[in-house]
Amino acid sequence: TIKFDANNNVMVTGIITATEFHGSLAVGTSVTYGDNEKAYFGNGLDLELFHDGTNSFIKNTTGNLRIQDSNGNIQIQAKTGEESIIAKGDGAVELYHGMSGASAQKKIETTTTGATVTGILTATGNLHADNYYANSSLTLNNNANVSVNLTSTSTSGSSRIFFGDPDNSLVGRLLYSHNGDYMSFFTAGAERARILSGGEFAIGG
C-alpha cells in the first residue's frame, strides 16, 4: 500500500523496486540489494558497498577509508568468533593467528615501548634494530638453556659477528669458516688470531 502524509511524504508497505533513488529513506526493517547492485554514498558516489555473488566489497575513491569507534574496540574477525585484529582505543593493537578447532592465538601486541611477539619471529631479510638511547642491548631469557644460532645454508660460507663504530663498521669481527672449519678473531679491521680445525691456536692472522 502507498500512503501520503500531510507533508506529502510517501509511506509504502511492502516491496519497492526502483532503478534509482534520490533523497532520504526511512526503512522499517531492511534494504535488500541483489548481486552486483551497489549502495553508493557521497555526492560523487565516492563510497560503494556491494556483493558480486561470490565476494563482498567496500570501495572508496576519495580520501581515506576510516573505521572508527568512539567507545569500544575495533575488531576484525576472519570468521565468526575468531579474532584476527583487535585495535583498542588508547591502547594496544593485537594480531591473532587462527587455529582450526581452537581459539585464535595472539602473536603480536603493540606496547608503549614497542611490540611483544609470542612465538618464533622469522625474518627472510636483514633484521635491523636501532635505538636512540645511549646504550642498546639484546637480552635473551630462558629458565633453562639459552642459545644464539648462526646457521649457514652453504658449507663454503661463513658465520660472522661484526663490531662497528662510526669510523669503521667492521672494526671487530668473529668469523667461523665452514669451508676450512676454523674461527678467526679480528681487531682494528684485521685478523689477529685463528683457531684451526684441529684446535691449534695461531696468532697474527
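What radius of gyration does the protein have, and what would a compact globule of 205 residues have? The protein has 31 Å, against the value near 17 Å for a compact globule of 205 residues. For that comparison, the radius of gyration is taken over C-alpha atoms, and the globule rule is 2.2 Å times the number of residues to the power 0.38.

Before going further, a word on the ground rules. This is a predicted model, in which local features need pLDDT of at least 70 and side-chain atom pairs count only at pLDDT 80 or more, while totals for chains, interfaces and linings use all residues. Residues are numbered from 1 along each chain as its sequence is written, and side-chain values use heavy atoms, with hydrogens and water left out.

## The overall picture

Along its principal axes, the C-alpha trace spans about 105 × 40 × 35 Å. The secondary structure is zero helices and 15 strands; helices (H or I, at least four residues) and strands (E, at least two) are DSSP runs, numbered from the N terminus. Of the 205 residues, 9% count as buried. Here buried means under 20% relative accessible area, exposed over 50%, and partly exposed in between, with a 1.4 Å probe and protein chains only.

The contacts tell their own story. Among those between residues at least 6 apart in sequence, 1% join residues at least 24 apart, where a contact means heavy atoms within 4.5 Å.

As for the surface, the accessible area comes to about 17300 Å², and 50% of that belongs to carbon and sulfur atoms. These areas come from the Shrake-Rupley method with a 1.4 Å probe; for residues, only the protein chains shown count as cover. On the charge side, there are 12 positive and 19 negative side chains, and the centres of the two sets lie 5 Å apart. Lys and Arg count as positive and Asp and Glu as negative, with His and the chain ends not counted; each charge is placed at NZ of Lys, CZ of Arg, CG of Asp or CD of Glu.

## Strand pairs

Two strands pair if DSSP finds at least two bridges between them. Here are some of the pairs, each with one bridge picked out.

| Strands | Sense and bridges | One facing pair |
|---|---|---|
| E7 and E8 | antiparallel, three bridges | Ile86 and Glu94 |
| E8 and E9 | antiparallel, five bridges | Leu95 and Ile108 |
| E11 and E12 | antiparallel, six bridges | Ser159 and Tyr176 |
| E12 and E13 | antiparallel, five bridges | Leu174 and Phe185 |

## The E7 to E9 stretch

E7 covers residues 82-87 and E8 covers 93-99, and E9 takes in residues 102-111. E7 and E8 form a hairpin with five residues between them. Asp90 sits in the loop between these two strands and has a positive phi of about 55° although it is not a glycine. Is Asp90 buried or exposed? Asp90 counts as exposed, at 88% relative accessibility.

The next hairpin, made by E8 and E9, has two residues between the strands, and Gly101 takes a positive phi near 80° there.

## The E11 to E14 stretch

E11 runs over residues 158-163 and E12 over residues 172-177, with E13 at residues 182-187. Ser158 belongs to E11 and is partly exposed, with a relative accessible area of 27%. Beyond its neighbours within four places in sequence, Ser158 is in contact with Ser152, Leu175, Tyr176, Ser177 and His178. How far is Ser158 from Val10, in sequence and in space? The two are 148 residues apart in sequence and 81 Å apart in space, C-alpha to C-alpha.

E12 and E13 form a hairpin with four residues between them, and Asp181 in the turn has a positive phi of about 55°.

After E13 comes a loop that leads to E14 (190-195), and Ala188 is found in it. Phi of Ala188 is near 50°, a positive value in a residue other than glycine, and Ala188 is exposed, with a relative accessible area of 57%.

Gly189 is in that loop too, and at 35% relative accessibility Gly189 counts as partly exposed. Which residues does Gly189 touch, not counting those up to four places away in sequence? They are Asn168, Leu170 and Val171. Gly189 and Gly172 are 17 residues apart in sequence and 5.9 Å apart in space, C-alpha to C-alpha.
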